[in-house]
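User: Could you take a close look at one part of this model for me? I'd like to see how that part fits in with its surroundings.

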Amino acid sequence: MSIKVKRFRAQPVTSLLGGRGELGGLMRMAGLIDRAQQELREHLPEEVREHVFVGGYRDGKLTLITDRAVWLTWLRYEQPRLLDLLRRRPEFEAVLGFTLKVRPVRPPKAPPRHSRRLSTSAAGEIASCAEDTEDPRLKRALERLASHADDQDTDKD
C-alpha cells in the first residue's frame, strides 16, 4: 500500500486571511466584533466603557458581556439606544438585538508565598557542614542555604 502525497502550493497569507475559507470568515467576524466594540465605546459613558465588552455575534444578536450586574441592568435600559447607534453603520444593519451576559473578571491570584525562616543557629550549623564538605557543588549549595538566615533573629535558649 502506498500513501500518495498531495502537494499544495504555498499561498500568500493575505489570501488565506481574506479569502472565502473558514479562516477568512473568522477574520472578518473578528474585525466586525472589534468595530462593534469601538463603536460602542465611543457612545458609552466613561464610567461604563471599561465594563462592557462585545463577546460575539450569532443569529442576528450581538453578545455584550459585562463584569457586574449593575452594568447589565444599565445595558438593559439602554438597549434600544445602543441598537439604533450600531444600526446607523451599514455593517451592523443585520444586528437585531443583544444577548447580555455577566462574567466577572477576576485578576488571577498569585499563590500565597510561604517564606520559611532560617534561624541564625541553624544557619551556623549548615555553614559548619559546608566547611567540612569536600564536594564543591554541595559546598556552594550549603553556603547559599546558610546565607538565608534571619539577621534579626535572636536565639532564645
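Analyst: Happy to. From the N terminus, the chain's elements follow the order α-α-α-β-β-α-β-α-α, giving six helices and three strands (DSSP runs numbered from the N terminus: helices are H or I with at least four residues, strands E with at least two). Please keep in mind that this is a predicted model, in which local features need pLDDT of at least 70 and side-chain atom pairs count only at pLDDT 80 or more, while totals for chains, interfaces and linings use all residues. Residues are numbered from 1 along each chain as its sequence is written, and side-chain values use heavy atoms, with hydrogens and water left out.

Let's look closely at strand 2 and its partners. Strand 2 covers residues 61-66, and five of its six residues are buried (under 20% relative accessible area with a 1.4 Å probe, protein chains only; over 50% is exposed, and in between is partly exposed). For the chain as a whole, 27% of the 157 residues count as buried.

On one side, strand 2 pairs with strand 1 in the antiparallel sense, over six bridges (strands pair if DSSP finds at least two bridges between them). Val52 faces Thr66 of strand 2 in this arrangement. The two strands form a hairpin with two residues between them. Asp59 lies in that loop between strand 1 and strand 2, and has a positive phi of about 50° although it is not a glycine. Most residues other than glycine have a negative phi. Asp59 counts as exposed because its relative accessible area is 71%.

Strand 2 also pairs with strand 3 (residues 97-102), this time parallel and through six bridges. Within strand 3, Lys101 is the bridge partner of Ile65, and Thr99 is the bridge partner of Thr63.

Thr63 is a good residue to follow through strand 2. With 15% relative accessibility, Thr63 counts as buried. Beyond its neighbours within four places in sequence, Thr63 is in contact (heavy atoms within 4.5 Å) with Phe53, Val54, Gly55, Gly56, Thr99 and Lys101. Phe53 belongs to strand 1 and counts as partly exposed, at 33% relative accessibility. With the same kind of neighbours set aside, Phe53 is in contact with Gln37, Arg41, Thr63, Leu64 and Ile65. Its C-alpha is 8.8 Å from that of Arg41, 12 residues away in sequence.

Now for the helix that joins up with this sheet. Strand 2, helix 4 and strand 3 make a right-handed β-α-β unit (with the strands pointing away from the viewer, the path from the first strand over the helix to the second runs clockwise). Helix 4 spans residues 69-87, and its 19 residues reach 25 Å from first C-alpha to last, close to the 27 Å expected (1.5 Å times one less than the number of residues). Helix 4 bends by about 65° at Glu78, and Pro80 follows within four residues (the bend is the angle between axes fitted to the seven residues ending there and the seven starting there). Among the buried residues of helix 4 are Trp71, Leu72, Leu75, Leu82 and Leu86.

These pieces come together in the largest nonpolar core, which has 21 residues (buried Ala, Val, Leu, Ile, Met, Phe, Trp, Tyr and Cys joined through side-chain atoms within 4.5 Å). The residues with the most contacts inside this core are Leu40, Val54, Leu62, Leu64, Leu82 and Phe98. Helix 2 (22-43), strand 1 (52-58), strand 2, helix 4 and strand 3 each give two or more residues to it, and helix 4 gives the most, with seven. Leu40 shows how the core is linked: leaving aside neighbours within four places in sequence, Leu40 is in contact with Val54, Leu64, Leu82 and Leu86. A second, separate core of seven residues includes Leu118, Leu142, Ala146 and Ala149.
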